[in-house]
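Please find below a colleague's note on the model under discussion. It is arranged as numbered points, to be read beside the coordinates.

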Amino acid sequence: MQSALSPVIRCLAGLLAFGVTCSTAGAACPIELSVYGDAQNGSEIDFTPTGTSATVTNTFRLILDNNVVLNGIVMWTQDVARPNGALMYKCPEGDVTGEELAACTLWNGVIYTSDDKGTVGLLPAEGVEAPKTLILPDLGPVLRQSPAYGGSGFSKVPSDVFAMKGCQE
């Protein structure tokens, strides 16, 4: 009986601590519904289903303090296969030029993952079980230099490492 209650208790603890919902059916959380948190300052990464894009393999948001939200996408590179992530802030809507897109992109780089044993891998595309940890190299230092930092923007710089907090329903 106790083992049957453990997932329910873990779910409720996650719900209370982090405000995310989770499934108690024992199924793994797919990457497109996963939620990650930065232990240093409370920043959060929420993945959402991408849809039918031919080039974007993952879609996510980085939620910072002061209600600053960066929109993220992942596209795998062709030559040496790597999940190249990009975080954008206040990009123009509709058709944009490469110059406009570059101006609103605050961070880009390969997104790595890590499991409970410390094995490092690459961010998977949708439909795969979410990894335990995300690593976005140089995220903090790059965002500190961005126009979204300070003033009316965010004031707490996230770390480069985010741990899985839960799974959206």
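The points below take up the sheet, its central hairpins, a loop residue, the nonpolar core, the salt bridges and the disulfides of this predicted model.

1. Sheet order. The model contains an open sheet of 10 strands with antiparallel pairing, in the order β6-β5-β4-β3-β2-β1-β10-β9-β7-β8. Its edges are formed by β6 (105–110) and β8 (120–122), each of which pairs on one side only. On average, and with direction ignored, neighbouring strands of the sheet are turned by 30 degrees against each other. As a general point, strands of a sheet pair through backbone hydrogen bonds, either parallel or antiparallel.

2. The β3–β4 hairpin. Strand β3 (residues 56–63) pairs with β4 in the antiparallel sense over 7 bridges. Within this pairing, N58 stands opposite V74 of β4. The hairpin has 5 residues between its strands, and N66 there takes a positive phi near 60 degrees. The backbone at N66 may be inspected with that value in mind.

3. The β4–β5 hairpin. On its other pairing, β4 (residues 69–76) meets β5 (residues 83–88), again in the antiparallel sense, over 6 bridges. These two strands form a hairpin with 6 residues between them. Two positions fix the register for the reader: G72 has L87 of β5 as its bridge partner, and N71 stands opposite M88 of β5.

4. Residue V68. This valine lies in the loop between β3 and β4. Is V68 buried or exposed? V68 has a relative accessible area of 4%, and is therefore buried, since the cut-off for that class is under 20%. Apart from neighbours within four places in sequence, V68 is in contact with L62, I63, Y89, G153 and F154. As regards one of these partners, V68 and Y89 are 21 residues apart in sequence, while their C-alpha atoms are 8.7 Å apart in space.

5. Nonpolar core. The largest nonpolar core has 25 residues, and those with the most contacts inside it are I45, L62, L70 and L136. Two or more residues each are given to this core by β2, β3, β4, β6 and α3 (139–144). The surroundings of L70 can be listed in full: leaving aside neighbours within four places in sequence, L70 is in contact with F60, R61, L62, L64, L87, M88, Y89, L106 and L143.

6. Salt bridge K165–E44. How many salt bridges does a search of the whole structure find? The search finds 2. In one of them, K165 pairs with E44, with the closest N and O atoms 2.5 Å apart. K165 belongs to strand β10 (residues 161–167) and E44 to strand β2 (residues 44–48), so the pair ties together parts that are 121 residues apart in sequence. E44 is buried, at a relative accessible area of 15%.

7. Salt bridge D46–R61. D46 forms a salt bridge with R61, and here the closest N and O atoms are 3.1 Å apart. The pair links distant parts of the chain, with D46 in strand β2 and R61 in strand β3, 15 residues apart. D46 is buried, with a relative accessible area of 8%, whereas R61 is partly exposed at 34%. In general, side chains of opposite charge can pair when their charged atoms come close.

8. Disulfide C29–C167. A search of the whole structure finds 2 disulfides. C29 and C167 form one, with sulfur atoms 2.2 Å apart. The link of C29 and C167 is right-handed, with 85 degrees about the S-S bond. C29 lies in the loop between α1 (2–18) and β1 (34–37) and C167 in strand β10, so that distant parts of the chain, 138 residues apart, are linked. C29 is buried, with a relative accessible area of 10%, and C167 also counts as buried, at 13%.

9. Disulfide C91–C104. The sulfur atoms of C91 and C104 are 1.8 Å apart, and the two residues form a disulfide. The torsion about their S-S bond is about 90 degrees, so this disulfide is right-handed. C91 lies in the loop between β5 and α2 (98–104) and C104 in helix α2, so the pair ties together parts that are 13 residues apart in sequence. C91 counts as partly exposed at 23% relative accessibility, whereas C104 counts as buried at 5%.

Definitions and conventions. Residues numbered from 1 in each chain as written. Predicted model: local features only at pLDDT ≥ 70, side-chain atom pairs only at ≥ 80, totals over all residues. Heavy atoms only, no water. Pairing = 2+ DSSP bridges. Helix = DSSP H or I, 4+ residues; strand = E, 2+ residues; numbered from the N terminus. Axes fitted to C-alpha atoms, helices over the stretch in contact; angles between N-to-C directions. Buried < 20%, exposed > 50% of the residue type's maximum accessible area, 1.4 Å probe, protein only. Contact = heavy atoms within 4.5 Å. Salt bridge = Lys/Arg side-chain N within 4 Å of Asp/Glu carboxyl O. Core = buried A, V, L, I, M, F, W, Y, C linked by side-chain atoms within 4.5 Å. Disulfide = S-S within 2.5 Å.
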